[in-house]
Amino acid sequence: MNIIPSRMLINIGLALKSGEGVQSCSLLILGSHNHSRRNKGNRMIIDAINHFIIDLISATGYVGIFLAMLIEGIFTPIPSEMIMPFAGYVAYTGELNFFLVILVGSMGAMLGSTVAYALALRLGRPLVDRYGVLFGLDNERMTAAERWFGRWGIWGILIGHSLPGIRSV
């Protein structure tokens, strides 16, 4: 579990205060301070995703936020925790309206979740049984997941969806 060191929070505050913009702040927030070889690949992936989100929001505004949240709702390549803070910062700078950012982001997430639900309802377990192994979802894990849902039901979904990071798993 990564805990944000106080030095990193100070750097974020200084970058915001000095007006260095979204790109430098996002690198401070998402960039890894552990420079071991093992984490270098992870850092490169995070940086690539980071630049993609910033470029998307900067170039497309509300449409980009909507599309990123839509994609996040269907297939979770980038969690909303990486999209909405940058959109909020762009709104803070005055380029976008704060309330429209929330509305558009929420609409994209809702539509994405609806599409994911419809796909799962239509294609369901046979698709997972056939291709799930490619994503680490073998029969044993699926059986364990079904037991978990049988035990916790809608409360497990509600609480799990409310916890950042958990909903993306």
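How many aromatic pairs does the structure hold? The structure, a predicted model, holds three aromatic pairs. One of them joins Tyr-89 and Tyr-92. This pair is tilted, with 5.9 Å from centre to centre and 35° between the planes. Both tyrosines belong to helix 5, where they sit three residues apart. They are therefore separated by about one helical turn. An α-helix has 3.6 residues a turn, so residues three or four places apart point the same way. The two rings nevertheless fall into separate classes of accessibility. Tyr-89 has a relative accessibility of 15% and counts as buried. Tyr-92 reaches 69% and counts as exposed.

Another of the pairs is formed by Trp-148 and Phe-149. Their geometry is edge-to-face. The ring centres lie 5.1 Å apart, and the planes meet at 90°. Phe-149 is partly exposed, at 42% relative accessibility. Trp-148 is also partly exposed, with a relative accessible area of 39%. Trp-148 lies in helix 7, which covers residues 139-162. Beyond its neighbours within four places in sequence, Trp-148 is in contact with Gly-153, Gly-156 and Ile-157.

Helix 7 itself is not straight. A bend of about 100° occurs at Trp-152. The end-to-end span reflects a shortfall. Helix 7 has 24 residues, and a straight helix would reach 34 Å at 1.5 Å a residue. The end C-alpha atoms of helix 7 are only 27 Å apart. Met-142, Gly-156 and Gly-160 are buried in this helix. Gly-156 is thus both a buried residue and a contact of Trp-148. The cover over the buried residues of helix 7 includes helix 6.

Helix 6 runs over residues 98-131. Its N-terminal end is capped by Asn-97. A side-chain oxygen of Asn-97 lies 2.8 Å from the backbone nitrogen of Phe-99. Further along, helix 6 has a kink of about 80° at Gly-124. The proline Pro-126 follows shortly after the kink. The span of helix 6 also falls short. A straight helix of 34 residues would span 50 Å at 1.5 Å a residue, but helix 6 spans only 40 Å between its end C-alpha atoms. The buried residues of helix 6 include Val-101, Val-104, Gly-105, Gly-108 and Gly-112. Helix 4 (62-74) and helix 5 (80-92) pack against the buried residues of helix 6.

What is the size, in residues, of the largest nonpolar core? This core has 16 residues. Ile-53, Ile-57, Ile-65, Ile-83, Ala-87, Leu-96 and Val-101 have the most contacts inside it. Helix 3 (37-60), helix 4, helix 5 and helix 6 each give two or more residues to the core. Helix 5 provides the largest share, six residues. Val-101, named among the core residues with the most contacts, is also one of the buried residues of helix 6.

The contacts of Ile-57 give a closer view of the core. Neighbours within four places in sequence are again left aside. Ile-57 is then in contact with Ile-65, Ile-83, Phe-86, Ala-87, Val-90 and Leu-96. Among these partners, Ile-65, Ile-83, Ala-87 and Leu-96 are also listed with the most contacts inside the core.

Notes: Residues numbered from 1 in each chain as written. Predicted model: local features only at pLDDT ≥ 70, side-chain atom pairs only at ≥ 80, totals over all residues. Heavy atoms only, no water. Helix = DSSP H or I, 4+ residues; strand = E, 2+ residues; numbered from the N terminus. Expected span 1.5 Å × (residues − 1). Bend = angle between axes of the 7 residues up to and from the residue. Buried < 20%, exposed > 50% of the residue type's maximum accessible area, 1.4 Å probe, protein only. Contact = heavy atoms within 4.5 Å. Polar contact = N/O pair within 3.5 Å; in protein donor to acceptor, adjacent residues only side chain to side chain. Core = buried A, V, L, I, M, F, W, Y, C linked by side-chain atoms within 4.5 Å. Phe/Tyr/Trp six-rings, centres within 6.5 Å; stacked < 30°, edge-to-face > 60°.
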